[in-house]
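My notebook is open and I have a few things to look up. The jottings below follow the order in which I went through them.

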Amino acid sequence: PEPENHTLMTRFVLSGLSNSPQLQHFLFFTFCLIYTITIIGNLLIFMVTVHPTLRTPMYFFLRILSFLDISTASVVLPRMLVNFLSEDRSISYMGCATQLYCVIFLGATEWYLLAAMAYDRYVAVCQPLRYAIIMNSRVCLSLVLLSCCSGNVVSVVQTAWVFALPFCGPRKINYFFCDLPPLIMLSCTDTTSYEKQVIVATVMVIFTSFCLILASYACIISSALKISSAEGRQKIFSTCSSHLTVVTLYYASGTLIYLRPKASNSQETKKVLAVIYTTIIPTLNPLIYSLRNKEVKGVLIKILAELKKI
């Protein structure tokens, strides 16, 4: 068949997670529950971290992380839920481009934010006497803005590149949202150079920020090992363990998705990883940070006790 020029293709069709009609209602209720937990959990973290006793840089970054998690889930899940119950799973060309831009922007911003959070932990552990001076409000805000600007640059470039490709029929995207790997597979031209660009961008974004995290934690571990008190070392590792858990989940899934963008034999695996990346991790983050943090749990209990009195 003649290739369809991408400027004439006005709509794509999302295949979703499963084509089985029997599973659609089950998947709808499952992911509706996940979305509800994500919103409530991250809103609770947001409310807790604005408490006067938790107005420190660490909780400022955690508040931004919660906002990014809510945004990521909201970009992917509402349309996904509609598609479970609808026979029309089409998405407009501009809608697809917008969704792709948002997913990449939020993802890249979160990677850089996790690096900023690691730097905050490094300063807190390795330079505690100068912590308040180094991590002042201007520095914290600058790190967040830098993360957002970097995420925006990555997203604009990647979205522009993929939508400059000519797409062929059929218009079906074997995925549950618009993302780089399935869109590349629809192109009717040789995408080898573009795949290399995706890999380079992935390396620049993920591994650059990951190296910053590793450097920060190398210094933290070195400082912790110099502490003679076992209780002191335990406190440091307990503070950092939540962040390390999120970093491991986020970076592992993101790397496996984008380092081999056109690996068709692993498309179903990529769907599972994408579910973890866009829906499960935003749901788990509030649990990880609250269950492992005594200060967050303490303030959360106070807030819930106050709400019961109302």
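**Glutamate 295 and what it touches**

I began with glutamate 295, which sits in helix α10, residues 294-309. A reminder to myself: I am working on a predicted model.

Is glutamate 295 buried or exposed? I get neither extreme: its relative accessibility is 46%, so I put it down as partly exposed.

Next I looked for its partners beyond the neighbours within four places in sequence, and I found contacts with Leu54 and Tyr59. Leucine 54 is 241 residues away from glutamate 295 along the chain, yet I read a C-alpha separation of 7.8 Å for the two.

**Surface patch**

Then I turned to the nonpolar patch that Phe46, Val50 and Phe67 make on the surface. Together I have them at about 260 Å² of accessible area.

I checked valine 50 on its own. I place it in the loop that runs between α1 (24-49) and α2 (57-85). Its relative accessibility comes out at 37%, so I log valine 50 as partly exposed.

**Cysteines**

How many disulfides does a search of the whole structure find? I count 1. It pairs cysteine 96 with cysteine 178, and I note 2.0 Å between their sulfur atoms. About the S-S bond I read -120°, and I mark the link of cysteine 96 and cysteine 178 as left-handed.

What does the pair tie together? I find cysteine 96 in helix α3 (residues 93-126) and cysteine 178 in the loop between β3 (172-173) and α6 (180-184), so the link joins parts that lie 82 residues apart in sequence. I have cysteine 96 as buried, because its relative accessibility is 0%. Cysteine 178 also goes in my notes as buried, with a relative accessible area of 0%.

Cysteine 102 I list as being in no disulfide. The nearest cysteine sulfur belongs to cysteine 178, and I read 11 Å to it. A disulfide would need the sulfur atoms within 2.5 Å, so I leave cysteine 102 unpaired. I get 23% relative accessible area for cysteine 102, which means partly exposed.

Cysteine 148 is in no disulfide either, by my check. Its nearest cysteine sulfur is that of cysteine 149, which I find 6.9 Å away. I enter cysteine 148 as partly exposed, because its relative accessibility is 25%.

Methods
Residues numbered from 1 in each chain as written. Predicted model: local features only at pLDDT ≥ 70, side-chain atom pairs only at ≥ 80, totals over all residues. Heavy atoms only, no water. Patch = residues over 30% accessible without salt bridge, like charges linked within 9 Å, V, L, I, M, F, W, Y side chains within 5 Å. Areas by Shrake-Rupley, 256 points an atom, 1.4 Å probe, with all protein chains shown as cover. Salt bridge = Lys/Arg side-chain N within 4 Å of Asp/Glu carboxyl O. Helix = DSSP H or I, 4+ residues; strand = E, 2+ residues; numbered from the N terminus. Buried < 20%, exposed > 50% of the residue type's maximum accessible area, 1.4 Å probe, protein only. Contact = heavy atoms within 4.5 Å.
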